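Please take me through this model stop by stop, telling me what to select in the viewer and what I will find there.

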Amino acid sequence: MVRKKRSTKHQRPISLRSAQRLTPLINPAAAMPPLSCFALLLRPLRRLPPPRSRSLSSASDAAAATSGDSASGPDLDMDLAAPTFTIWGSNTGVGKTLVSAGLVAAAALAPSPSSFLYLKPLQTGFPSDSDSRFVFRTVSSLFRRRLSGDPAARLPPRLPPPPPRLPAAAAAAEPPSSYEAARIGTGERDDGELNKLVCKTLYAWNEAISPHLAVEREGMAVGDAALRAAVGSCLGSFVRGLGDEWKGTRVWRVIETAGGVASPGPSGTLQCDLYRLPGILVGDGRLGGISSTISAYESLTMRGYDVTAVIFEDNGLSNEVPLLSYLRNRVPVFVLPPIPKDPSNDLMEWFCESASIFSSLQETMISFHSERIQRLRSMKRKARNILWWPFTQHDLVPEELVTVIDSRCGESFSIHKVRHGEEMIVPQFDACGSWWTQGPDSTLQTELARDMGYSAARYGHVMFPENVYEPALHCAEVLLGGVGKGWASRTFYSDNGSTAIEIALKMAFRKYLLDHGILLDYEKGILSERCIQLKVLALNGSYHGDTLGAMEAQAPSSYTTFLQQPWYSGRGLFLQPPITFISNEIWNISLPDSLQSNQLKPENLRFSSLDDVFSQCRDSLAIARIYSEYISEHLSKHSELSPSTHIGALIVEPVVQGAGGMRMIDPLFQRILVKECQNRKIPVIFDEVFTGFWRLGRESAAELLGCLPDIACYAKLMTGGVIPLAATLTTEAVFESFRGDSKLMALLHGHSYTAHAMGCTSAAKAIQWFRDSSTNPNLDCEGKRLNELWDLTLVHKISSLPNIKRVIALGTLCAVELKSEGSDAGYASLYASSLVQQLREDGVYIRPLGNIIYLMCGPCTSADFCTQQLHKVYQRICDFDCGRVKESESHENASEPQIIAA
């Protein structure tokens, strides 16, 4: 790009000590045209911790400076008070700064007054090269030219001298972080209005190279989170800092990136993964520019960015024609006149010639911003009018409580809300893990989008029976080598967890009929199908899905009432299990009445650690014998009372029941239950739709129990939570029970999208990502379990609060049950409503299960981030308890007789 000369000479980084306030270029008191205030300022933005060494030795050192960024993504916490856009380049040298200057000039020279922030987060080649200074000087020249009425008038090309060099020792003593801010305020114009321009550079390095290389050579590592915070702070402070004199003016904010769309930032993270805002793409009008422009456009849209327009210089190749054809009118394309090649040309004529194009581009930006705001404002009302939400009583959700989600990145939503009368886009931690499916951090989310796009483009969708293609085969290999390792040999795909359960039931029943000779007798005509009834063995509090067949395999609950499922009969023997939880800092086991025994002492039901709860040493204790006798007795009684009714399968959610209230079942009870059924040749189904893929700290919850199933169902986290897919894994023996000469012996089950390529691709990527220590920093040294994500001290504090009944903290899950009675307890309870709304205001999106609230993160979420969210919950629960106490005391005082003095 012309007009900006970059220095190739290696210079020492700008030191904080050398940053100084410079004198105005023009004395405001001097007689001059209405341009009355014009100043350039060079000063430090902030002090950063000194780097370990003067120059970071490698990219890994630079990356280390980004620790703590894992929970953050490119979405910014910002207001919607002004149109805010990022200027992207399809490559370096395509004219981003010229476009920025043209937009600023269009605003400054428009009939109505405006305030404009030009922000350059990253600058190299500084101070000899400064894009913010170029924008400042160019717009100032254009403004003077207009006000003077002299086409030849322009600002003298006077620049302040660079800061004085310091001795090496002095320069090394300070971290090299500086920025320049240029402010131009015009005097009164013909209409008496004012304009304001602020140009800022946040982080600068001397050498004119990529920022990540500059960090290696010069130091001053800048973490992604710190960079985003600085950008967000500047955007917000600019609007807040406008005085009353600027109110009512058009306010603009533009962020210009460095290099191309995928050029690395200081930490090595690509810039297209740093800040997600609506963008203007500066394309390339040169030979080869069609390809680079399309590539840049795809890189942005694949990451969920809104590209509002494409603009580039006309180089006589008509690049706009194929671009318009490719874009299919999705975005407008603007073509600028050729840029003069003469270095001595100040471009004033070129900017004047381009003014109408920049004005049209600006109108497009204003239109996009206005339409976006109007859409966000209307979504709550429209949602209530035309949507039917699942598991939701619409009469209990007023319009103001509807959450409008603008985007998602990693662990958090970006939601639209009004805060202190100001419309904002703010992050909100998704504590529901988007209803138990979500696992990706911001990096994996992009990886999944790219891989799924590849599969969609390569395969679209192809039918699965009798066919094979790479995504389906690879995903099956990954599943069998992970959660199925050591026991499973076959993978059956379906579309969701509930369907996977129904498939598993069909498999288990066939295996049971075969093992017990019932199938053979039926084929010989000895038995009628009407003589045989199959039921499941399951647990109270279980939940296995919403479809009719899956609901028959679960105990009666709020989900199976006549109102919800008039066909429900509950085809099972349902046992009451013992529950495990933390209370007053101690792990406890709560036994149902049917398991109470004089043989047990209170100390037999308390544990100092979670490892003690899972210890298989408990298998030889008295409580194990009590469990075994209870299970055996119920199975025997059922067989005696109903000779024609068989328990054809055991189905359990290993360790934790999700929808049943986040209840942790004593693992010893489930382990004995599995062994008892396997001894009786009853096939065992593990419903790991919720618990699988590190949800509970292990890839499979079967690892926690220490026993294996015959069949297991997986979904939710399996694909990283971005697309529905489920799988039912089985042993070879289960598969063999469906072999035969007739197609009627096969498993006649499936759906049109079985093993769809996008889902299989996403699943294979997510599963491998979660189990790889190079991409999942939470894995322990052996790669077999997640490190503790929830601060145990804080968990214990919560468990000791007087209004808390129980707590469980396991893997990515932390659940808290509030003490309540009567209608305040159970799934329909509204007891926690006020607490939920307070936490949402705190940036934590909670959706309770009645009087139970929970936090759910992803397998890659940092422990520090989890602790921050848990602190919010702890504080709010403390306040919630105090509020309840005061409310109770108020009611008690109101009921007491009042004594009135005579």
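## Stop 1: a buried strand residue

Phe607 is buried, having a relative accessible area of 11%. The model is a predicted one. Select Phe607 and you will land in strand β19, which covers residues 606-607. Now add Asn588: its C-alpha atom is 6.4 Å from that of Phe607, though the two residues are 19 apart along the chain. Which residues is Phe607 in contact with, leaving aside neighbours within four places in sequence? They are Ile586, Trp587, Ile589, Asp612, Val613 and Arg618.

## Stop 2: the nonpolar cores

In soluble globular proteins, nonpolar side chains tend to be buried together. Select Leu479, Tyr493, Val655, Met664, Phe669, Trp790 and Ile853: these have the most contacts inside the largest nonpolar core, which has 137 residues. Next, colour helix α21 (residues 757-771), which gives the most to this core, with eight residues. Domain 2 (464-760) and domain 3 (792-890) each contribute at least three residues to this core.

Zoom in on Val655. Not counting residues up to four places away in sequence, Val655 touches Phe614, Arg663, Met664, Ile665, Gln670, Leu696, Ala701, Leu704, Leu705 and Leu810. Apart from the largest core lies another, of 44 residues; to find it, select Leu227, Leu242, Leu274 and Ala296, which are among its members.

## Stop 3: a pocket and a cavity

Rolling a probe the size of a water molecule over the atoms shows where empty space is left. The second largest pocket has a volume of about 1,100 Å³. To get to its centre, select Phe464, Thr491, Phe492, Phe735 and Leu747, the closest to that point of the 33 residues in the lining. Then show α12 (470-480), β14 (490-494) and α20 (732-736), each of which supplies at least two lining residues. What classes of residue make up the lining of this second largest pocket? There are 18 nonpolar, eleven polar and four charged residues.

How many cavities of 30 Å³ or more are counted? The count is six. For the second largest cavity, with a volume of about 50 Å³, select the residues that line it: Arg408, Gly410, Glu411, Phe429, Asp430, Gly433, Gln438, Gly439, Pro440, Met856, Cys857 and Gly858. By class, this lining has four nonpolar, five polar and three charged residues.

## Stop 4: backbone exceptions

Most residues other than glycine have a negative phi, and most peptide bonds are trans. The next three selections depart from that pattern.

- Select Phe126 and Pro127. The peptide bond joining them is cis, with omega of about 10°. Pro127 sits in the loop between β4 (114-123) and α3 (131-148).
- Select His420, in the loop between β12 (412-419) and β13 (422-430). His420 is not a glycine, yet its phi is positive, about 55°.
- Select Met662, in the loop between β21 (656-657) and β22 (663-665). Met662 is not a glycine either, and its phi is positive, about 50°.

Turn on the surface for the last two. Is His420 buried or exposed? His420 counts as exposed because its relative accessible area is 80%, and the cut-off for exposed is over 50%. Met662 has 0% relative accessibility, so it counts as buried; the cut-off for buried is under 20%.

Technical notes:
Residues numbered from 1 in each chain as written. Predicted model: local features only at pLDDT ≥ 70, side-chain atom pairs only at ≥ 80, totals over all residues. Heavy atoms only, no water. Core = buried A, V, L, I, M, F, W, Y, C linked by side-chain atoms within 4.5 Å. Buried < 20%, exposed > 50% of the residue type's maximum accessible area, 1.4 Å probe, protein only. Helix = DSSP H or I, 4+ residues; strand = E, 2+ residues; numbered from the N terminus. Domains from an automatic or database assignment. Contact = heavy atoms within 4.5 Å. 1 Å grid on protein atoms, 1.4 Å probe; cavity = no way out; pocket = protein on both sides within 12 Å on 5 of 7 lines; lining within 4 Å. Points joined across faces, edges and corners; volume = space filled by probe spheres on them. Nonpolar A, V, L, I, M, F, W, Y, C, P; charged D, E, K, R; others polar.
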